[in-house]
Amino acid sequence: MNLSSSPLSSSLRSLAAASTLALLTSLVAAHAQALPPPPVAAPAPAAGGAMPPPPPPATYEAALTTQAPVTEGRVSRLLINPYGEVDGLLVGERTVVKFPPHLSQTLQGMVKPGQSVRVFGQGEAAGTIKADAIVNLATGQTVIDRPPAFDANPPLPPHLRAAQLRQLSVRGKIAMVLTGPRGEANGVILDDGSIARFAPDSVRMSLEPGAPFAANGLGTRNSMGTAIEAIDVGASADSVQPLYSRVR
């Protein structure tokens with residue numbers, strides 16, 4: 001009897017083929033499950049291999065305050081100009097922080113002597129900073145150097161502003177010399193807190209800390225102190241000399 005052509009032989013071959021196919025299918029499925037998931041593609045680097053820059057800050061305030069601060073410290077006092085406007089801070093004992101006088105009321109409402117601040121801006125001469133933003137570290141409030149609003153009242157003309165000033169005198173020893181952007185002397189703070197301002201480099205006498213100083217001029221005396229624009233300057237009240245030849 002020839003088994004190769006019998007029905008039984010055909011059935012056995014069919015069964016063997018089906019078993020082989022089932023085995024191969026199970027092996028392929030098991031191999032697919034064992035494979036790790038494909039890696040997540042990383043962001044494409046920018047030209048030159050560098051990562052793309054972070055997005056810019058959302059606001060001008062954020063742009064200022066994400067810079068490195070120029071200084072931090074406790075406010076010793078508010079500084080005023082001859083019109084009685086706050087135009088800066090004394091931080092610690094020797095750091096003057098300048099700020100625009102049109103923000104005088106804002107600065108007074110935000111910072112008090114004894115509180116600590118963080119200052120962002122640019123350093124000028126040694127110990128002098130032109131502030132772009134001042135942060136009160138106790139309250140988190142921030143005041144930023146911005147121009148006056150368009151709907152703000154226009155400032156008084158110079159001759160009307162001058163009419164608000166009084167004739168005042170200051171006397172004492174120099175505690176600190178105030179300077180302009182290039183380090184030029186343009187004022188002094190005396191040991192009693194009085195401030196005398198003058199045109200840059202107009203005073204020819206020595207302006208060293210501890211030296212005696214006297215001045216007559218026009219200015220303001222208020223709860224924050226005395227500040228004048230000096231007209232006569234000297235080492236004492238008896239030795240003052242006019243700074244300007246046309247002033248009599």
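In this predicted model, helix H3 (residues 104-110) gives the largest share of the lining of the largest pocket, namely four residues. The space in this pocket amounts to about 380 Å³. Its lining comprises 18 residues, and those closest to the pocket centre are Glu85, Pro101, His102, Leu103 and Pro155. By residue class, the lining of the largest pocket consists of nine nonpolar, seven polar and two charged residues.

The second largest pocket holds about 290 Å³ of space. It is lined by 18 residues, of which Val96, Lys98, Leu178, Thr179 and Arg197 are the closest to its centre. At least two lining residues of the second largest pocket come from each of strand E2 (86-91), strand E3 (95-98) and strand E7 (166-179). Strand E7 accounts for the largest share, with four residues. The lining of the second largest pocket divides into nine nonpolar, five polar and four charged residues. Empty space of this kind is revealed by rolling a probe the size of a water molecule over the atoms.

With regard to the overall architecture, the protein contains four helices and twelve strands. Of its 248 residues, 34% are buried. The accessible surface is about 15200 Å², and carbon and sulfur atoms contribute 60% of this area. When contacts between residues at least 6 apart in sequence are considered, 50% of them join residues at least 24 apart.

In soluble globular proteins, nonpolar side chains tend to be buried together. The largest nonpolar core in the model has 26 residues, and the members with the most contacts inside this core are Leu89, Val97, Phe99, Leu107, Val111, Val117 and Ile134. At least two residues of the core are supplied by each of strand E1 (71-80), E2, E3, H3, strand E4 (116-123), strand E5 (128-136) and E7. A second core, separate from this one, has 16 residues, including Leu190, Leu207, Phe213 and Ile228. For Val97, a member of the largest core, the contacts beyond four places in sequence are with Asp87, Gly88, Leu89, Val91, Val119, Ile129, Ala131 and Ile134.

Two adjacent positions in strand E7 were examined individually. Ile174 is located in this strand, and its relative accessible area is 3%, so the residue is classed as buried. Beyond four places in sequence, Ile174 touches Val188, Ile189, Leu190, Ser206, Leu207, Glu208, Pro209, Gly210, Ala211 and Phe213. Among these contacts, Leu190, Leu207 and Phe213 belong to the second core. The C-alpha atoms of Ile174 and Ile189 are 6.1 Å apart, with a separation of 15 residues along the chain.

Lys173 also lies in strand E7. In contrast to the buried Ile174, Lys173 is partly exposed, because its relative accessible area is 48% and the partly exposed class runs from 20% to 50%. The residues touched by Lys173, outside those up to four places away in sequence, are Ile189, Leu190, Asp191, Gly210, Ala211 and Pro212. Between the C-alpha atoms of Lys173 and Gly210 the distance is 5.3 Å, although 37 residues separate the two along the chain.

A charged residue with low accessibility is found in strand E1, where Arg77 is placed. The relative accessible area of Arg77 is 18%, and therefore this residue counts as buried, the cut-off being under 20%. Its contacts, not counting residues up to four places away in sequence, are Leu89, Leu90, Pro113, Ile189, Gly193, Ile195 and Met224. Of these, Leu89 is also among the residues with the most contacts inside the largest nonpolar core. Arg77 and Met224 are 147 residues apart in sequence, yet their C-alpha atoms are 8.4 Å apart in space.

A backbone feature was noted at Asp201. Most residues other than glycine have a negative phi. Asp201, in contrast, has a positive phi near 60°. This residue is positioned in the loop between strand E9 (195-197) and strand E10 (212-222). With a relative accessible area of 42%, Asp201 is partly exposed.

Definitions and conventions:
Residues are numbered from 1 along each chain as its sequence is written. This is a predicted model: local features need pLDDT of at least 70, side-chain atom pairs count only at pLDDT 80 or more; totals for chains, interfaces and linings use all residues. Side-chain values use heavy atoms; hydrogens and water are left out. On a 1 Å grid over the protein atoms alone, a cavity is a set of points where a 1.4 Å probe fits but cannot get out, and a pocket is an open set with protein on both sides within 12 Å along at least five of seven lines; lining residues have an atom within 4 Å of a point. Grid points are joined across faces, edges and corners, and a volume is the space filled by probe spheres set on the points. Ala, Val, Leu, Ile, Met, Phe, Trp, Tyr, Cys and Pro count as nonpolar, Asp, Glu, Lys and Arg as charged, and the others, Gly among them, as polar. Buried means under 20% relative accessible area, exposed over 50%, partly exposed in between (1.4 Å probe, protein chains only). Contact means heavy atoms within 4.5 Å. Accessible areas come from the Shrake-Rupley method with a 1.4 Å probe; for residues, only the protein chains shown count as cover. A nonpolar core is a set of buried Ala, Val, Leu, Ile, Met, Phe, Trp, Tyr and Cys residues joined through side-chain atoms within 4.5 Å.
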